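Subject: Structure for your review, with findings

Dear colleague,

Please find below the structure that I am passing on to you. My notes on it follow directly after.

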Amino acid sequence: MQSCGYLTPQPWAPTTLYRTNRHPRLPTQAPRIRLPPSTSAVADPVKNRKAHSMPPEKAEVFKSLEPWASEGLLPLLKPVEQSWQPHNFVPDSSLPFDEFMDQVKALRDRTAELPDEYFVVLVGDMITEDALPTYQTMINNLDAVGDESGASPVPWAVWTRSWTAEENRHGDLLRTYLYLSGRVDMPKVEKTVQYLIGAGMDVGTENNPYLGFVYTSFQERATFVSHGNTARLAKEGGDPVLARICGTIAADEKRHENAYTRIVEKLLEVDPSEAMRAIADMMHKKITMPAHLMYDGEDPRLFEHFSAVAQRMGVYTANDYADILEFLIGRWGLEKLEGLTGEGRRARDFVCGLAPRIRKLQERADERARKMGPHGVKFSWIFNKEVALTM
Ligand SMILES: [Fe+2]
Ligand SMILES: [Fe+2]
């Protein structure tokens, strides 16, 4: 089967180029051990995973950037009064019953021509959005930028709460639309969400805000790309309303990408070598999609299979992964980055040379997949219908 940017295993693992701790990424239901908080880097006894890897003195960097965050970050949020809400895009529940049902019927007519595989990808995207408690937890577990009281006025915390509130509409809207479409097995979808939130995620950010903000920069752009492609496919498939929904969500992701890339840009300015090392570290680990532990109670390789369908449909592909990397290299001006230590320069050279390697290794993986011939998998989300994983 084909492999793509967020699939496991990823064929371009550059272990000899820039070595840090390696770790397996296979979805697992094994119990996970939580580490106690610490100010120094400690190893996860299960995965030899580092935690709290930012040197404590670097917390000052984020403290000193608070005024900048208030001025440079918070204006990228949209005021609630000017924000769209999920109900703007779905049948109006305040209408008399018959009129409401007419709108539901129109929705079902529009989605009728969309193929089942489209719904596999849309469900996977919705489930990814719905695991939002995990992402807020991950960000609040980053040292020096977490929300200490739950209602902290520190700009980092204000950003994270408001970002979460904006993101919360994405899963809500996609879930309501999918529910009304009648095209997906909602109890199976809901079960997957419960499993996923219970499983959490492990993407190697080590409670380190340098790593965390590199991850969110990449991740917001990846979701921007993915939702943009589901918008395009909905339009081509005859559902302009669903296209507008996915496009509207994509626009939010773009705004969030802008915010997180601004943070990394600022870190590159004030602490270039540490920020550059963080970019290289995350790219070495490979950016794992946040829903990598998804499970529906049936398919232990669900995430891999969902990712393969997304790759085949062109919703999120290995080329997108390489494109995002190249975009970020340009956005942050990494090729011309100056004032680096020796380690910082090595990190820069590793990152700047990675995209062509990824594309080449992916071509070889695609070639191997083609030789394996057609291969299909049943998805519980669409009533156990089979979807092809390879071309
Ligand atoms: Fe989102
Ligand atoms: Fe997002």
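In which helix is His170 found? His170 is part of helix 6, which covers residues 155-181. Please bear in mind that this is a predicted model.

Overall architecture

The chain contains 14 helices and four strands. Of its 391 residues, 57% are buried. Taking the contacts between residues at least 6 apart in sequence, 80% join residues at least 24 apart.

The annotated site

An unreviewed UniProt entry lists Glu129, Glu167, His170 and Glu253 under "binding site". Although these residues span 125 residues in sequence, no two of their C-alpha atoms are more than 11.2 Å apart, so they gather at one spot. From this set, Glu129, Glu167 and Glu253 belong to the lining of the largest cavity.

Two members of the set may be described in further detail. His170 has a relative accessible area of 0%, which is under the 20% limit, and therefore counts as buried. Beyond its neighbours within four places in sequence, His170 is in contact with Trp84, Glu129, Ile249, Asp252 and Glu253. Glu253 is located in helix 9, residues 240-270. Its relative accessibility is 1%, so Glu253 is buried by the same limit of 20%. With the neighbours within four places in sequence again left aside, Glu253 is in contact with Glu129, Glu167, His170, Glu220, Thr223, Phe224 and His227.

The iron ions

Which residues are the protein donors of the iron ion (ligand 2)? They are Glu167, Glu220 and Glu253, each through OE, and they lie 2.0 to 2.1 Å from the ion. The spacing of these donor residues in sequence is E-x52-E-x32-E. Glu167 also bridges the iron ion (ligand 2) and the iron ion (ligand 1), and the two ions lie 3.4 Å apart. Distant parts of the chain are linked here, with Glu167 in helix 6 and Glu253 in helix 9, 86 residues apart. Both Glu167 and Glu253 are buried.

Glu257

Helix 9 also holds Glu257. Is this residue buried or exposed? Glu257 is buried, because its relative accessible area of 2% falls under 20%. Its side chain makes a polar contact with the side chain of Lys254, at 3.1 Å. Not counting residues up to four places away in sequence, Glu257 touches Ser217, Glu220, Arg221, Phe224 and Phe327.

Helix 12

Helix 12 runs over residues 318-331 and has 14 residues. From its first C-alpha to its last it reaches 20 Å, close to the 20 Å expected at 1.5 Å a residue. At the start of this helix, a side-chain oxygen of Thr317 comes to within 3.2 Å of the backbone nitrogen of Asn319. After helix 12 comes Gly333, with a positive phi near 60°.

The buried residues of helix 12 are Ala318, Asp320, Tyr321, Ala322, Ile324, Leu325, Leu328 and Ile329. What covers these buried residues? The cover includes helix 8 (209-236), helix 9, helix 10 (272-285), helix 11 (302-312), helix 13 (342-352) and helix 14 (354-372). Helix 9 thus appears in this cover and also carries Glu253 and Glu257.

With kind regards

How values were computed
Residues numbered from 1 in each chain as written. Chains lettered and ligands numbered in written order. Predicted model: local features only at pLDDT ≥ 70, side-chain atom pairs only at ≥ 80, totals over all residues. Heavy atoms only, no water. UniProt positions renumbered as here; feature names shortened; annotations may be inferred. 1 Å grid on protein atoms, 1.4 Å probe; cavity = no way out; pocket = protein on both sides within 12 Å on 5 of 7 lines; lining within 4 Å. Helix = DSSP H or I, 4+ residues; strand = E, 2+ residues; numbered from the N terminus. Buried < 20%, exposed > 50% of the residue type's maximum accessible area, 1.4 Å probe, protein only. Contact = heavy atoms within 4.5 Å. Expected span 1.5 Å × (residues − 1). Polar contact = N/O pair within 3.5 Å; in protein donor to acceptor, adjacent residues only side chain to side chain. Donors = N, O, S within 2.8 Å, 3.2 Å for Na, K, Ca; no water.
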